[in-house]
Amino acid sequence: MTKVNQVWYLGNLSFQVIEGDIFDVDTCAIVNSEQTDFILAPEGSGTVSGGILAKCGNEIQKDLLGQTKGKVMNEGTVLETKGCNDIEKIFHIGFHYPNSWIQDYDDDQEAEYIRIISASIRDVLTKFFNSNLQSISFPLIGCGLFGL
């Protein structure tokens with residue numbers, strides 16, 4: 001069950017803050033924040049990544065591995081895969097290197113993560129606007145374990 005908390009309009013675009021499971025939102029595309037190895041989190045992990053594996057099966061993981069050839073990509077890399085069920089496409093943002101977590105909070109490190117997230121979101125939105133997709137849903141990237 002989702003709950004719309006806020007709606008803004010900019011021209012013919014509407015922006016909504018929705019509370020709930022991203023898989024319950026009526027949308028054409030979703031965004032997944034991932035490590036730069038693009039290995040999906042396990043089912044039941046409580047993450048978008050784990051939800052993708054649970055709801056879409058292993059086909060998305062196979063597609064990601066085919067794109068990366070098993071290599072770690074640069075931070076900020078955006079990969080696209082098909083979706084599943086009613087979701088047409090998934091944009092996967094490689095936000096941070098595998099096993100790279102904020103230990104001692106540092107303003108420079110936080111600024112770098114925000115720069116990576118901003119550039120990645122810009123890349124996703126460019127790809128979205130160049131597609132025929134009508135809607136896209138973003139989770140709060142960097143607000144979980146990274147505490148941004």
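A disulfide is a pair of cysteine sulfur atoms within 2.5 Å. The model is predicted, so local features need pLDDT of at least 70 and side-chain atom pairs count only at pLDDT 80 or more, while totals for chains, interfaces and linings use all residues. Residues are numbered from 1 along each chain as its sequence is written, and side-chain values use heavy atoms, with hydrogens and water left out.

**Exercise 1.** Find which cysteines the disulfide joins, and state the handedness of the link.

*Solution.* A search of the whole structure gives one disulfide. C56 is joined to C84, with an S to S distance of 2.0 Å. The angle about the S-S bond is -60 degrees, and the link of C56 and C84 is left-handed. C56 lies in helix α1 (residues 48-56) and C84 in the loop between β4 (78-82) and β5 (89-96), 28 residues apart; helices (H or I, at least four residues) and strands (E, at least two) are DSSP runs, numbered from the N terminus.

**Exercise 2.** Explain why C28 has no bond to the closest cysteine sulfur.

*Solution.* The closest cysteine sulfur, in C84, is 14 Å from that of C28, which is too far for a bond. C28 is also buried, at 15% relative accessible area (buried is under 20%, exposed over 50%, partly exposed in between; 1.4 Å probe, protein chains only).

**Exercise 3.** Identify the salt bridge partner of E80 and the network that includes E80.

*Solution.* A salt bridge puts a side-chain nitrogen of Lys or Arg within 4 Å of a carboxyl oxygen of Asp or Glu. E80 pairs with K89, the closest N and O atoms being 2.8 Å apart. E80 is partly exposed at 27%, and K89 is partly exposed at 24%. Salt bridges link E80, K89 and K127 in a network.
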